[in-house]
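The following exercises concern burial and side-chain pairing in a protein chain. Each task is followed by a solution in steps.

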Amino acid sequence: QVQLVESGGGLVQAGGSLRLSCASSGLTFSSYALGWFRQALGKEREFVAAINWSGSSTYYADSVKGRFTISRDNAKNTVYLQMNSLKPEDTAVYYCAAKGRRYYSDYRIYTANFEYDYWGQGTQVTVSS
């Protein structure tokens, strides 16, 4: 059974930092591209950041570029989202997601919800002004 479990969320003041982690089990982690999404209350889930299976390529939403960093540790089956210079508008539930690569040299990253195979349950991030 595949599981993705997010952690590291919490309450932080504007300008502060948080590091989210997403630990996986039940899948061959190094064969999956990964992404972080978020959903604010009353809004659609939106893309935040993505990384390919090897970690050689990353991509960010314009709203977080320069402030957030996605990384992965294939030895620990974990993907991270380092969030700096947090703003109140970053308040949301943050989800990690995994997308299986189709072949070994498939270095693509994915930004759309529907492209992902597995999802975590989410972790709440609240940024106070």
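A residue is called buried when its relative accessible area is under 20%, exposed when it is over 50%, and partly exposed in between. The model examined here is predicted.

**Exercise 1.** Determine where Thr-78 is placed, and whether Thr-78 is buried or exposed.

*Solution.*
1. Thr-78 belongs to strand 8, which covers residues 78–83.
2. The relative accessibility of Thr-78 is 8%, so this residue counts as buried.
3. A polar atom of the Thr-78 side chain lies 2.8 Å from the backbone oxygen of Lys-76.
4. Neighbours within four places in sequence aside, Thr-78 is in contact with residues including Phe-29, Arg-72 and Asp-73.

**Exercise 2.** State which residues are linked in a network of salt bridges, and analyse the pairs.

*Solution.*
1. Side chains of opposite charge can pair when their charged atoms come close.
2. The side chains of Arg-38 and Glu-46 form a salt bridge, with an N to O distance of 2.6 Å. Arg-38 is buried, with a relative accessible area of 5%, whereas Glu-46 is partly exposed at 35%.
3. Arg-67 and Asp-90 meet in a salt bridge at 2.7 Å, N to O. Arg-67 lies in the loop between strand 6 and strand 7, and Asp-90 in the loop between strand 8 and strand 9, so the pair ties together parts that are 23 residues apart in sequence. Both Arg-67 and Asp-90 are buried.
4. The network therefore consists of Arg-38, Glu-46, Arg-67 and Asp-90, linked by salt bridges.

Notes:
Residues are numbered from 1 along each chain as its sequence is written. This is a predicted model: local features need pLDDT of at least 70, side-chain atom pairs count only at pLDDT 80 or more; totals for chains, interfaces and linings use all residues. Side-chain values use heavy atoms; hydrogens and water are left out. Helices (H or I, at least four residues) and strands (E, at least two) are DSSP runs, numbered from the N terminus. Buried means under 20% relative accessible area, exposed over 50%, partly exposed in between (1.4 Å probe, protein chains only). A polar contact is a pair of N or O atoms within 3.5 Å; within protein, one must be able to donate a hydrogen and the other to accept it, and residues adjacent in sequence count only if both atoms are side-chain atoms. Contact means heavy atoms within 4.5 Å. A salt bridge is a side-chain nitrogen of Lys or Arg within 4 Å of a carboxyl oxygen of Asp or Glu.
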